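Here are some notes to read alongside the structure. Please keep the model open and find each residue as it comes up.

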Amino acid sequence: MAEENEGADKTEKPTSKKLKDARKDGNVAKSRELTSTVLIMGWLAGGWMLMGHMFRRIGGLFDQSLSVMNQPFETALRTIGPLAAQTLLAVVLPLLLLAVLLALIVEFLQVGPVVTMKKVTPDISKMNPVSGVKKMFSMDNLVELIKSVLKSAALLTIGGFVLWGMLPNLLQLPFAQPAAIGSAIWHALKWIGIWTIFVFFFVSAVDASYQKYSYIKKLRMSRRDIKQEVKENEGDPYVKQRRKQLHQEWSQQNMLNAVRGSNVVVTNPTHIAVALQYEQGDDLPLVVAKGEGHVAEEIKRVAEEAGVPILENVPLARGLNARVEIDDYISDDFFEAVAQVLYWAEGVRLGEQRPEPPEFDPPPEMREEIGLAEPEALPPPLADDPSVVARFEDPRDPMR
């Protein structure tokens, strides 16, 4: 009952991984009817092309057999035996090689290259009698039985129609020449073969469609199976989250270690912190650490413990945080401001009293990006105020 319920739950199409795994195990969709039909057609075509060769070899064997009829059995056997074996190989071997070649081509065209040993590996579970009985009454075996009945009925019907159409000629064979018997047999076999191939190809096309449908149906999955596959592919969400958390902690720890070797830390002052590093010979200063909120507090704490100078410069901190990633060099917009900050930080380390650098003045497009308001415009000089000028030029003004 549990297996029936589980089968009823499998309503989803198989995923690409499910199909790939089935292919690795040698479980592919293919039609044996198509292969057998192509083999029959190949044998008929091969027999037609090799008919003259077969008649010559078989005729030569009969001629040789007739020539040794008066000899003792042992002597005749030594003469006829090798010739009979050679004739058998000459007649049968080309057809066998043709069958193998056609089977390989048809199988390859149906399923492509598949290399696996699982299908030929012994499996004890296949010897379970209960499973064997269930398999005997499975849908696949029922379909195979129906196909066999249909093909047998088709062969009988084709043979009956062909012979019925030849009945007037067959009734005249007793009064005809011996060559007419061979011609009638060849005519009957030819049309029976043509109609048989036509019917078998039709059955093969139907069977190929059914095999594809049955293959997909057997590999159908339940929603639970799909969720489990996603979990196996992408990992358990809890484990994945834990791995991500450990990676963040590891990255943060490396970043805090870089703060200890930095030259200066620029702050917002509380929400943002950016650590800069510059060594003699470097092309440009480097952002070795940055963060917001709790991370910014940790950067400042580590900088204080390591004795790294900390400077409050709101526009510079916001600009570096927005435009420069960790382990990247600063851009040209920050070059002058960062140079002044590094110069001040060097003085702090050396114990020199150097002036604190002015606040960074970002360009207008950066101001909008980092959320800074435009600076207020300064009032015009008194000399440029028309009202003030008019008052000083008016002779009635008591303040003149």
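1. Which element gives the most to the lining of the second largest pocket? The model is a predicted one, and in it α9 gives the most, with six residues. The elements that give two or more residues to this lining are α3 (32-49) and α9 (178-218). To find the place, look for Trp43, Leu44, Gly47, Trp48 and Met51, which are among the lining residues. Trp186, Leu189, Lys190, Gly193, Ile194 and Ile197 also line the pocket.

2. The space in this second largest pocket comes to about 320 Å³. By residue type, the lining divides into eight nonpolar, two polar and one charged. Lys190 and Gly193 are both part of this lining. As background, rolling a probe the size of a water molecule over the atoms shows where empty space is left.

3. For the overall layout, the protein has 16 helices and five strands. It has 400 residues, of which 27% count as buried. If one takes contacts between residues at least 6 apart in sequence, 71% of them join residues at least 24 apart. Several of the points below give individual cases.

4. Ala99 is a case in helix α5 (residues 73-111). Is Ala99 buried or exposed? Its relative accessible area is 11%, so Ala99 counts as buried. Setting aside neighbours within four places in sequence, Ala99 is in contact with Leu39 and Trp43. Trp43 also appears in the lining of the second largest pocket. The C-alpha atoms of Ala99 and Met41 are 9.9 Å apart, although 58 residues separate the two along the chain.

5. How many salt bridges does the structure hold? There are 11. One of them joins the side chains of Lys30 and Glu107, at 3.2 Å from N to O. This pair links distant parts of the chain, 77 residues apart: Lys30 is in the loop between α2 (16-24) and α3, and Glu107 is in helix α5. Lys30 is partly exposed, with a relative accessible area of 36%.

6. Another salt bridge is formed by the side chains of Glu33 and Lys151, with an N to O distance of 2.8 Å. Glu33 belongs to helix α3 and Lys151 to helix α7 (residues 139-165), so the pair ties together parts that are 118 residues apart in sequence. Glu33 and Lys151 are both buried.

7. Glu346 and Arg354 also form a salt bridge, and their closest N and O atoms are 3.7 Å apart. Here the partners fall into separate classes of exposure: Glu346 is partly exposed, at 42% relative accessible area, whereas Arg354 is buried, at 17%. Elsewhere, salt bridges that share partners join Glu33, Lys147, Lys151 and Asp207 into one network.

8. Which residues have the most contacts inside the largest nonpolar core? They are Val264, Leu276, Leu316, Leu320, Ile330, Phe334 and Val338, in a core of 24 residues. The elements that give two or more residues to this core are β1 (264-267), β2 (272-277), α13, α14 (335-350) and α15 (364-370). Of these, α14 gives the most, with six residues.

9. Ile330 is a useful residue to inspect in detail. Not counting residues up to four places away in sequence, Ile330 touches Leu276, Leu284, Pro285, Val287, Leu320, Val324, Phe335 and Val338. Apart from the core just described lies another, of 14 residues, including Val259, Ala275, Val288 and Ile299.

10. Asn321 lies in helix α13. With a relative accessible area of 14%, Asn321 is buried. Leaving aside neighbours within four places in sequence, Asn321 is in contact with Ile272, Val274, Lys290, Gly291 and Glu292.

11. The last item is a point of backbone geometry. Most residues other than glycine have a negative phi. Asp327 is not a glycine, yet it has a positive phi of about 70°. Where is Asp327 found? It sits in the loop between α13 (314-323) and β5 (328-329). Asp327 is exposed, with a relative accessible area of 53%.

Technical notes. Residues numbered from 1 in each chain as written. Predicted model: local features only at pLDDT ≥ 70, side-chain atom pairs only at ≥ 80, totals over all residues. Heavy atoms only, no water. 1 Å grid on protein atoms, 1.4 Å probe; cavity = no way out; pocket = protein on both sides within 12 Å on 5 of 7 lines; lining within 4 Å. Points joined across faces, edges and corners; volume = space filled by probe spheres on them. Helix = DSSP H or I, 4+ residues; strand = E, 2+ residues; numbered from the N terminus. Nonpolar A, V, L, I, M, F, W, Y, C, P; charged D, E, K, R; others polar. Buried < 20%, exposed > 50% of the residue type's maximum accessible area, 1.4 Å probe, protein only. Contact = heavy atoms within 4.5 Å. Salt bridge = Lys/Arg side-chain N within 4 Å of Asp/Glu carboxyl O. Core = buried A, V, L, I, M, F, W, Y, C linked by side-chain atoms within 4.5 Å.
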